Amino acid sequence: MFSFALSEEERLIQETARRFAHDRLRPGLRAHERARGVPGALAAEFAALGLDAVDVPAGAGGQGLGAFAKSLVLEELAAVDPGAAVALDGAGLALPTLAEGGLEALIGELRREPGRRGVVIEDVEGRLGLRDGRLVGEHPWVAADAVAVAVVFHAAQAFVVREGFGLTPIAACGLEAAGAARLIFDHAPIAATLEEPHALARARARTRTSVAALLVGAARGAHQYAMRYATERTAFGQPIAHHQALAFLIADLATAVDVARLAVWRAAAALDRGERAEWEAASALAEAAEQALFVGPNAVQVLGGHGFMKDHPRADGRRTGRGGARGGGARARARGGFRARAGRRMTGRLRTLLGRRASPSRWGYVPALPALAFFTALGLDERIPTVLYLATLGAVCLLQLFRPTLLGWALLFVLFVLSTVSTLYTAAFYTSHGVPIDRRQYVLLLATGGVPSATLLLARPRTQGHERGAVLLALTLAALMIAPLFTAIL
C-alpha cells in the first residue's frame, strides 16, 4: 500500500519548523533583508530546536533523520523567507558532502558555532581549477557574506576548502537575508577531496534535493500569499479569486507546487533508502526550478501593481525563485533548456515597461489602446499577449505607412527614442545585478518598438508616390515583426 501521509515524527518536525518560521522569521522579514542575515540569537534558537542538523548522522551530533526530514524543514522555512532559510541552514548545504566523506569531526566543529556558513559550488562553467594542488579561480555569486567552509564539485571530484579564499560583497538580487558575495580562491589549500563514485553521487544528490526543497518552499509561499490576497481583494463587487480566469491560474499554481513537492519527496525517500538517487535528485531540482519560475512571476501578476511593492512579501518572488534556480548548478545539467527560458522570462519587467510606453497611436488608432492596455495589465510574460502585442504594433506601423499623419510621425519618433532608451537602461540595470542580457533579447526588445519606428521614419518619405517601394517597405516591416514573434513563441 502506498501512502502520502507523513509519520507522526515527520509531522512533528514539519509543525515545529512551520511554527518557528511563522513566529520568529515572519515578524523580522524586512529587518533580516536589510541586515543581510539573521541575528545570532535566532540562529542559536534554531539550532537548539535541532532543526539545523536533522539529516546529520548521530555520530556527528545530529539527529540522523535523513534527507526527507531535511526537505520538510527547508520547505517550511523557505515558504516564509527563502533568504533566511539559507542563512539559518548555516553549513547545511555543505554538510552532506562532509558526511559522505567521513568528515564528522569537521561537522561537529561547524555545529558548535551556530551561524557559521558553508557554500556549495557546482563548477559547471569551469571557472575554478587546480594549480600546484591548490584551488584558483573566481565564482561570481554565493548566497553568503561570510563563509567557513566551501565545497566545490569539479568534474569527478569534490573539494573541501577551509581557507585561502576571499569574499567581495555584491548587491543582492533575491535571497537578501542570506547575503551575496563574489568568492575568489587564491591558491586555496584543499582540506579534503571526495572521489569515491558512490559517495560523490550521493553528496551531489543530497545537495540538489535540499536546493529543490528550498525552491518548493519559495513557490508555496508565493502561491499562498497570492491566494490569500485574491480572496481579500474585491473587484466588480466580489473577490478577484471568484473571477474564473484568476481562479484557474491560482489552481494551476497549486498544482505546480504539488508536482514539485512530490518530485522532491521521491528523491529524498530514495536517498534515505541508501540509493545513489542521481536521477531522482536531478529530476527534482529541474522540476522545482521550472515550477518556481512559473509560480513566482504569476503570483506577482495576481497582486497586480502591489506585486512590485515592498509592502508585500511577494514583491521579490521573481528574484528569489530565479536566484535559487540559478544557485543550483545541477539545473544546467539536469535540463539544458532552463537557462534560456529563465533568461527570456527575466525580460518580463522590461517588456511590460516597453508595453506601457510603446503605444504608437494617433487619434485614428484609439480602438487599439484598450487592447494594448489589456495586454500590459495581463502581463507580457505570457506568450499569447506578447504575440498579440507585437501583431498590434505591426498593424499600427503599417497603417501609419499607408495613411500617415503628422501626429503619427511624431508619436513614432517618440516611440523610437523611448524604446531605445528603455532597452539600454533596463539592460544596464540587469547587468549591474549580475543578470546578463544576450543578443537575442536585445533584438526582441528593439524590434518591438525601435526598429519598426526607425524604418518608417527613414524610409517613408522615399516611398511617397511609389507603390512598389511602399510594398517593399511593408515586407521589410513584416520581416522585422516576424523575428521577435518567433523569439516570443519559442
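Colleague: Does F185 count as buried or exposed?
Modeller: This is a predicted model. In it, F185 has 3% relative accessibility. The cut-off for buried is under 20%, so F185 counts as buried.

Colleague: Which residue does F185 form an aromatic pair with, and in which strand does that residue lie?
Modeller: The partner of F185 is F165, and the pair is edge-to-face. The ring centres are 5.9 Å apart, with 65° between the planes. F185 lies in strand 7 (residues 181-194), so the pair ties together parts 20 residues apart in sequence. F165 lies in strand 6.

Colleague: Why is the pair of F20 and F46 tilted?
Modeller: F20 is in helix 1 and F46 is in helix 3, 26 residues apart. Both residues are buried. Their ring centres are 5.4 Å apart. Tilted pairs fall between the stacked limit of 30 degrees and the edge-to-face limit of 60, so the answer is the angle between the planes, 45°.

Colleague: Which helix gives the largest share of the largest nonpolar core?
Modeller: That core has 60 residues, and L25, V73 and L77 have the most contacts inside it. Elements giving two or more residues include helix 1, helix 4 and helix 9. The largest share is twelve residues, and it comes from helix 8.

Colleague: How many residues are in the second, separate core?
Modeller: Nonpolar side chains tend to be buried together in soluble globular proteins. Here, 53% of the 490 residues of the protein chain count as buried. The second core includes V56, A91, A94 and A148. Its residue count is 22.

Technical notes: Residues are numbered from 1 along each chain as its sequence is written. This is a predicted model: local features need pLDDT of at least 70, side-chain atom pairs count only at pLDDT 80 or more; totals for chains, interfaces and linings use all residues. Side-chain values use heavy atoms; hydrogens and water are left out. A nonpolar core is a set of buried Ala, Val, Leu, Ile, Met, Phe, Trp, Tyr and Cys residues joined through side-chain atoms within 4.5 Å. Buried means under 20% relative accessible area, exposed over 50%, partly exposed in between (1.4 Å probe, protein chains only). Helices (H or I, at least four residues) and strands (E, at least two) are DSSP runs, numbered from the N terminus. Rings of Phe, Tyr and Trp (its six-membered ring) pair if their centres lie within 6.5 Å; planes under 30 degrees apart count as stacked, over 60 as edge-to-face and the rest as tilted.
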